[in-house]
Amino acid sequence: MKRADGSSFIIAALCVLSLCIIVVSVASGQRLLNPFSMDSQTCRTLLAIRLPRAAVALLMGGALGASGAILQGIFRNPLADPYILGISSGAALAASFGLMSGISLFTSSVPILAFIGAIATGAAVVILGHGWNGLQPERLLLAGVGIGFFLSALLMLVMSISVDDGLKRAILWMSGDLSMVDWELLPAGLILILSGLGLALTRRRGLNALTLGDDIAYSLGFNPARERLFLFIAASLMTAASVAMGGVVGFIGLVVPHVVRRHAGSDAAVVLPLSVVAGGTLLCLADAIGRTVATPLELPAGVIAALIGSPYFIFLLGQGKTH
Amino acid sequence: MAMLEFANVSFSHGPKCFMDQMSFSVSEGELLGLMGPNGSGKSTILKLAAGLLSPQRGEVLVGRQAIGSHSGRERAKLVAYLPQQLDLHAPFRVGELVRMGKYPHDGSPGLAVEDALQIVGLQRKAKTQLAELSGGELRRAYIAMTLVQGARVLLLDEPLASLDIRYQFDLYRLLKDIVREKGVSVIMSLHDIGMGAMLDRLILIRNGRIVSEGNPDEVLTDEIVRDTYGVNDFADAYLATNRSLCRALA
């Protein structure tokens, strides 16, 4: 697509910045890796820990950024994010059950449980959000919030009666702690996220039209309920895969699309891929900071992402430059 | 040639009947106004014409075919609908909005984006956020989108509401130009009797039925207006002032 408003330059600049941050993120940690002097120990650390972790952070952040952009569009609500539909609550409940019942995260049981919890919750929200003339944004939103509160209450109940050390791991998981990821999670996560992103990109025009309201989307030749369903499935797939891979990371899905729109306009054809790059880069950076700033302690990437991103977002709000 | 035709159309929702066996048509290049009290069925007519609602009886024909028989894309090339409330906070720039008019088209759109912006007088605001436009400019930006869309029938639900007199006249002139130069048919609902007096043809509606139809002088007689709206006091003075003011300003 031909663009004369400078967004091509912004896309190129963001990609270069993203690449630099990924390299720095992979090299940094409790021990700084020198890419020009790799012994066997360094190679093992790089392949077994640093690279999978950076790849998962990129995928998770990218998926959350794109999901946020989709949901803000289909709900016409700037506060919508991937967790507003209760998907994270479903995933968290299922994963916490796995963690606290003693299932090791290094088998794939917990991610699979989380994914099943997320998808089941998404399906329940769609069924409840279906009105007499299709999938209605207000019904969908209310169904998501209602189911989310119910599942969160169940989660708190499970955690309050838990006594073993699985509780601490569950809390870390819900804070977006990426210290327990490995290569095994990547192929399935990559396939799901690419599928969701691909589906969303094929419906990018519908997403733009829905942002103007259902009547105008219809007037432009779209079936609003059908477009909303496809886009909801795309966002659910990406969110479920993200939560299953590394736990609950807030903030990115809410804020990254706003920042991208501020710099590159609001056309979904640009916002979706840029939200992937920006969200992935932010989470990768947050994870690198989280594991180096308080060595030997590791701080959850989700917490760091919120801590470094929120001031910038507040700054933009103060400037009146978010849209 | 009739671009859009209502043939004995009835529409009800639950126990309430919104329209009862209504028939009328709009010709190519005609500016038709729908007037009537609140709740009389003006918006229902526009939504039926757009295909957003389906009639229980009768047919809404666009290009001699029932509106429901067209695919979404084909329908969009024939009819465009703009609701009364346009989203001022949609996070788009003017150019991005107008470009969306290309969506129903695989090849050439109805009109190039730059030409549409030129016609509505927003050629210098392509990069301006919608939130930074005035009410009149926002309405014109959406109309530019429908020009790119290339729709032959433009349905506008109370486009003059909440606009000051200057923007009302700007919009009226724009619509007249589009009708005259592009041959587009425009159906708009409105309340302002003075503005109604300036349109090509008017349909006056009450309780889902046509009370009067024809050129504005035939439809907007003091007696018909008083009966349709149920007003007596000050009605004659209001009508006279409104008409003379609009004619003077036009």
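This is a short tour of two strand regions in chain B, selection by selection.

The model is predicted: local features need pLDDT of at least 70, side-chain atom pairs count only at pLDDT 80 or more, and totals for chains, interfaces and linings use all residues. Residues are numbered from 1 along each chain as its sequence is written, while chains are lettered from A and ligands numbered from 1 in the order in which they are written.

Start with strand 1 (residues 2-13) and strand 4 (residues 57-62) of chain B, which run antiparallel and are joined by five bridges. Strands here are DSSP runs (E, at least two residues), as are helices (H or I, at least four), numbered from the N terminus; two strands pair if DSSP finds at least two bridges between them. Click B:E5 to find B:L61 of strand 4 opposite.

Widen the selection to the open sheet of four strands, antiparallel in pairing, with the order 2-1-4-5. Strand 2 (16-27) and strand 5 (65-66) are its edges, each pairing on one side only. Add helix 1 (residues 42-50), which packs on this sheet and touches strands 1, 2 and 4, its direction making about 115 degrees with that of strand 1. Contact means C-beta atoms, placed from the backbone, within 7 Å; axes are lines fitted to C-alpha atoms, for helices over the stretch in contact, with angles from 0 to 180 degrees between N-to-C directions.

Next, select strand 7 (residues 153-156) of chain B. B:V153 and B:L155 on one side, and B:L154 and B:L156 on the other, are all buried (20 or more other C-beta atoms within 10 Å of their own, all placed from the backbone). Strand 6 (residues 79-82) runs parallel to strand 7 over four bridges, with B:A80 partnering B:L154. Strand 8 (residues 185-189) also pairs with strand 7 in the parallel sense over four bridges; there B:L155 partners B:I187.

Technical notes
Contact = placed C-beta atoms within 7 Å. Buried ≥ 20, exposed ≤ 12 C-beta atoms within 10 Å, placed from the backbone.
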